[in-house]
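Okay, thanks everyone for coming. I'll just walk through this one with the picture up, so let's have a look.

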Amino acid sequence: MLNQADIITEVANSVASELDSYGIDPNKVEVVGNGIDKDIFHPLKEKRNDKYILYTGRLDYRKGLFDLIECARYICKDYSDVSFLIVGKGILLDNLRRRVDKLDLKERVRFLGFVDKETLIQLYQNATIYVLPSHYEGLPTVLLEAMSCGLSVVATSVSGNLDVINNGENGILVPPKSPKKMADAISLLLNNADIRERLQRNA
């Protein structure tokens, strides 16, 4: 089917390069990234005073959510006023809740499930930091939404994240499956408002 196509579109350069293993002529591949509506996903002039780290997306194995829970363990130990909000649904919900309970973090890590678009936008706009701990991505729309809302982001250095984030300029990239390095990046942003605000503007 791929060989018969005149043009094949992919959402990220890294995903397009994976087609090499299928023997696809690279001249047939065009990268067309995902997009979001900047009139809907936009920053607020003044945020609420809540301090929370936000994740949005499926609760699935490739999303690195057990790494995020481990990262939360480090952050919650050092910052008594910071919580984690996890938005989305998926097959890992019960397992993630059990892990949070085992680490005694249920007062600091909250699972909000599916939320409507208005609530989602408000969660983005008022978050302190957005984190995307994925092990693999295409071009994640949630990352674009967070950045469009003017959030400083910490994301893993995988796939389409690399097309969007210039490390240290408009976000921070950390290796996948590295909860301690993720926590270190979040701590850097929590401790340095100037860096956090610069990344927000550039995002």
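Let me start with a strand pair: S7, residues 152–156, and S8 run parallel to each other, joined over three bridges. If you want a spot to find that pairing on the screen, look for Val154, which is opposite Ile172 in S8. And before I go on, keep in mind that this is a predicted model.

Now zoom out to the whole sheet. It is an open sheet of six strands with parallel pairing, and the order across it is S5-S4-S3-S6-S7-S8. Which strands stand at the edges? Those are S5 and S8, the latter being residues 172–174. Each has a single partner strand, so one side of each has no neighbour in the sheet. From one strand to the next, the twist averages 20°.

Next, S3. Five of its five residues are buried, so S3 is largely enclosed by the rest of the structure. In a regular strand, side chains alternate between the two faces of the sheet. Here, Tyr52, Leu54 and Thr56 point one way from S3, while Ile53 and Tyr55 point the other way. S3 pairs with S4 in the parallel sense, over five bridges. Tyr52 has Ser83 as its bridge partner in S4.

On to the helices. H7, residues 179–191, lies across S3, S6, S7 and S8, and it runs at about 160° to S8.

Then there's H4. Its buried residues are Leu120, Ile121, Leu123, Tyr124, Gln125 and Asn126. What do they pack against? Four strands are on the list, namely S3, S4 (83–87), S5 (109–113) and S6 (129–132), plus helix H5 (141–148). At the N-terminal end of H4 you'll find Asp116 as the cap, with a side-chain oxygen 3.3 Å from the backbone nitrogen of Glu118.

Hold on to Tyr124, as it takes us to the aromatics. There are two aromatic pairs in the structure. Take Phe41 and Tyr124: the ring centres are 6.1 Å apart and the planes are at 75°, so this pair is edge-to-face. Where do the two partners sit along the chain? Phe41 is in the loop between S2 (29–31) and S3 (52–56), and Tyr124 is in H4 (residues 117–126), so to speak a long-range link, with the two positions 83 residues apart. Phe41 is buried at 6% relative accessible area, and Tyr124 is buried too, at 0%.

The other pair is Tyr124 with Tyr130. Their ring centres are 6.0 Å apart and the planes are at 50°, so we call that one tilted. Tyr130 is buried, with a relative accessible area of 0%. Put together, Phe41, Tyr124 and Tyr130 make one aromatic cluster.

Last stop, charges over rings. Arg73 lies over the face of Tyr74, 5.0 Å from the ring centre. Lys89 has its charged end over the ring of Phe114, at 5.7 Å from the centre.

That's my tour, thanks.

Terms used: Residues are numbered from 1 along each chain as its sequence is written. This is a predicted model: local features need pLDDT of at least 70, side-chain atom pairs count only at pLDDT 80 or more; totals for chains, interfaces and linings use all residues. Side-chain values use heavy atoms; hydrogens and water are left out. Rings of Phe, Tyr and Trp (its six-membered ring) pair if their centres lie within 6.5 Å; planes under 30 degrees apart count as stacked, over 60 as edge-to-face and the rest as tilted. Buried means under 20% relative accessible area, exposed over 50%, partly exposed in between (1.4 Å probe, protein chains only). A charge sits over a ring if NZ of Lys or CZ of Arg is within 6 Å of the ring centre and within 35 degrees of the ring normal. Contact means heavy atoms within 4.5 Å. A polar contact is a pair of N or O atoms within 3.5 Å; within protein, one must be able to donate a hydrogen and the other to accept it, and residues adjacent in sequence count only if both atoms are side-chain atoms. Two strands pair if DSSP finds at least two bridges between them. Axes are lines fitted to C-alpha atoms, for helices over the stretch in contact, and angles run from 0 to 180 degrees between N-to-C directions.
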